[in-house]
Amino acid sequence: MTFSELLKRPETTPYDRLKALGITLPGAPPPIANFVTHVLEGNLLYLSGQGPSEADGSLHTGKVGAEISAEAAYAHARLTGINLIAVMHEALGDLSRVRRVVKLFGMVNAAPDFADHPSVINGCSDLLIEVFGDRGIHARSAVGHGSLPGRITVEIEAIVAVD
């Protein structure tokens, strides 16, 4: 069965889609300062900003549009999306509880003349739609910053409606 066919099956779970994509969820990355990775308030799950952290804890760093290409940063945003999903899994115990990804706020550590922030953050957006289908379609902001913590290339936070 192709991935497109899998997406059309109503009984397909986010875990089925992750497996079809060849993605194994890492443990949720720990916070790097005085905050928690998530807050569940009513039916909304607020996810703190995550970055492009590999399972071994190494981070992707650098200025997008200078030493880091937009294509590499897209991959970093996708990795950040995997980390956000790992936090969702830890917070909810079951990704099937995700009713809707409501909003992403994506930040890019960008060179001053870099102008393609939306294409970079698409790495996360595309992944969320692949994993959650229509429930992954969200509102979003994508902005550039002069720096991000630890010089990471991207940081993304999310708001998720849950059952």
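This is a guided tour of a predicted model, moving from its sheet to its helices, its core and a few single residues.

**The sheet**

Begin by selecting the strands, and you will find five of them forming an open sheet in the order β1-β2-β5-β3-β4, with mixed pairing. Colour β1 and β4 (residues 139-145) separately, because these two strands stand at the edges, each with a single partner strand, so that one side of each is left without a neighbour in the sheet. If you look along the sheet, neighbouring strands are turned against each other by 10° on average, when direction is ignored.

Now keep β2 and β5 in view, which run antiparallel and are joined by five bridges. Select Gln 50 and look across to β5, where Ile 156 stands opposite Gln 50.

**The helices on the sheet**

Next, add helix α3, which packs on the sheet and touches β1, β2, β3 and β5, while its direction makes about 140° with that of β2. How far apart are the end C-alpha atoms of α3? They are 32 Å apart, which agrees with the 33 Å that its 23 residues should span at 1.5 Å a residue. Just after α3, select Gly 93, a residue that takes a positive phi of about 80°.

Then bring in α4, which lies across β3, β4 and β5 and runs at about 160° to β3.

**The core**

With the sheet and these helices displayed, turn to the largest nonpolar core, which has 35 residues, and of these Ile 85, Met 88, Val 120 and Phe 132 touch the most other members. The elements that give two or more residues to this core are β2 (44-50), α3, β3 (98-109), α4 (117-132) and β5 (154-162). Which element gives the most to this core? The answer is α3, with nine residues.

Select Phe 132 and show what surrounds it: leaving out residues up to four places away in sequence, Phe 132 touches Pro 14, Arg 17, Ile 85, Met 88, Leu 95, Val 98 and Val 101.

**Two buried polar residues**

Go back to α3, which covers residues 70-92, and select Asn 83 within this helix. Is Asn 83 buried or exposed? Its relative accessibility is 2%, and therefore Asn 83 counts as buried. Display its side chain and you can follow it to the backbone oxygen of Ser 53, which it reaches at 3.0 Å. Apart from neighbours within four places in sequence, the residues in contact with Asn 83 include Pro 26, Pro 29 and Gln 50.

From there, move to Thr 37, which sits in the loop between α2 (14-20) and β1 (38-41). Thr 37 has a relative accessible area of 8% and is likewise buried, and its side chain is joined to the side chain of His 38 by a polar contact of 2.9 Å. Among the residues that Thr 37 touches, not counting those up to four places away in sequence, are Pro 29, Gln 50, Val 87 and Glu 90.

**Around His 138**

Now select His 138, which lies in the loop between α4 and β4 and is buried, with a relative accessible area of 16%. Show its side chain together with that of Ser 125, since the two side chains make a polar contact of 2.8 Å. A polar atom of the His 138 side chain also lies 2.6 Å from the backbone oxygen of Gly 136. Leaving aside neighbours within four places in sequence, His 138 is in contact with several residues, including Arg 100, Val 102, Leu 104 and Leu 128.

Follow that contact to Val 102, which is found in strand β3 and is partly exposed, with a relative accessible area of 34%. Select Ala 139 as well, and you will find that the C-alpha atoms of Val 102 and Ala 139 are separated by 6.1 Å, although the two residues are 37 residues apart along the chain. Beyond its neighbours within four places in sequence, Val 102 is also in contact with Ile 159, Val 160 and Ala 161.

**A last stop in a loop**

Finish in the loop between β4 and β5, where Arg 151 lies. Its phi is near 65°, which is a positive value in a residue other than glycine, and Arg 151 is partly exposed, with a relative accessible area of 45%.

Note on methods
Residues numbered from 1 in each chain as written. Predicted model: local features only at pLDDT ≥ 70, side-chain atom pairs only at ≥ 80, totals over all residues. Heavy atoms only, no water. Helix = DSSP H or I, 4+ residues; strand = E, 2+ residues; numbered from the N terminus. Buried < 20%, exposed > 50% of the residue type's maximum accessible area, 1.4 Å probe, protein only. Polar contact = N/O pair within 3.5 Å; in protein donor to acceptor, adjacent residues only side chain to side chain. Contact = heavy atoms within 4.5 Å. Core = buried A, V, L, I, M, F, W, Y, C linked by side-chain atoms within 4.5 Å. Expected span 1.5 Å × (residues − 1). Pairing = 2+ DSSP bridges. Axes fitted to C-alpha atoms, helices over the stretch in contact; angles between N-to-C directions.
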